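Please look over the model shown here. A short report on its strands and aromatic rings follows.

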Amino acid sequence: VKETVLETAVEEIKTVNQDLESGVYGKNITWQYDTGNKTLTISGSGPMEFDYDDENEDFYTFENRYSWIGNVEHVVVSEGVESLSYQAFFRFASLKTVSLPESLNEIGGEAFSNCVSLESITIPSGVTEIRFGTFRNCNSLESVNIPEGVTCINEEAFKGCCSLKSLVIPESVTKIENHAFENCLTLREVIIYGPSVDIDSYAFDSVEDNSMLVYD
């Protein structure tokens, strides 16, 4: 009987969690989801840190906590937020637009992975690294602005971005790792500013004589 009561209590907690439309994320960040305009607003100051469950050795993100993530179409991150956590908006399948503040200096790995409806993204100038899988499988992504100041594009950062047709790599980039642009099936022009960038052998899909790479 005790076990049945405990299981029922746990399920009730999960249901309440899934229906919440506002809350806190880590120590410094608050969030609010507007069901009417399908907008998730992230506010606060400092880094966006996920909650870690020591007992189960797991961490909580929006994706593994709330049932409405598949409905979110817009994400607005307010000025003052300095970082986005690992898998912050993982599998937000309906996400179309993202507004990021100039205060942002770090985007966690897989932060926008599998956001299959996202069409464009402007990365703030304070970000210096595009981490592992940040935009992986963003199938609809056609436009991305990589700012001067980014030094490294990590493995699988844009893997599977099959709508990306052209790209500009700023002079500050010194390293593009393997599989960073794998399966970017429509990518035909990559303009690279500066001669010092180190491109791993499998950073891009195999293209005869790398004719799509244009050095300026």
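The notes below cover one sheet and a group of aromatic pairs in this predicted model.

## An open parallel sheet

Four strands make up an open sheet. Their order is E12-E14-E16-E18, and the pairing is parallel. Which strands stand at the edges? They are E12 (129-130) and E18 (198-199). Each has a single partner strand, so one side of each is left without a neighbour in the sheet.

Strand E16 covers residues 175-176 and runs parallel to E18. The two are joined by 2 bridges. On the E16 side, Ile-176 has Ile-199 of E18 as its bridge partner.

## Aromatic pairs around Phe-62

The model holds 16 aromatic pairs. One of them joins Phe-62 and Tyr-66. Their ring centres are 6.1 Å apart, with 45° between the planes. That angle is neither under 30 degrees nor over 60, so the pair counts as tilted. Both residues are buried.

Phe-62 also pairs with Phe-89. How are these two rings arranged, stacked or tilted? They are stacked, with 6.4 Å from centre to centre and 10° between the planes. Phe-62 and Phe-89 are both buried.

## What the stacked pair connects

Each ring of the stacked pair sits in a loop. Phe-62 lies between strand E6 (58-60) and strand E7 (74-77). Phe-89 lies between strand E8 (81-84) and strand E9 (97-99). The pair therefore ties together parts that are 27 residues apart in sequence.

Technical notes:
Residues numbered from 1 in each chain as written. Predicted model: local features only at pLDDT ≥ 70, side-chain atom pairs only at ≥ 80, totals over all residues. Heavy atoms only, no water. Pairing = 2+ DSSP bridges. Phe/Tyr/Trp six-rings, centres within 6.5 Å; stacked < 30°, edge-to-face > 60°. Buried < 20%, exposed > 50% of the residue type's maximum accessible area, 1.4 Å probe, protein only.
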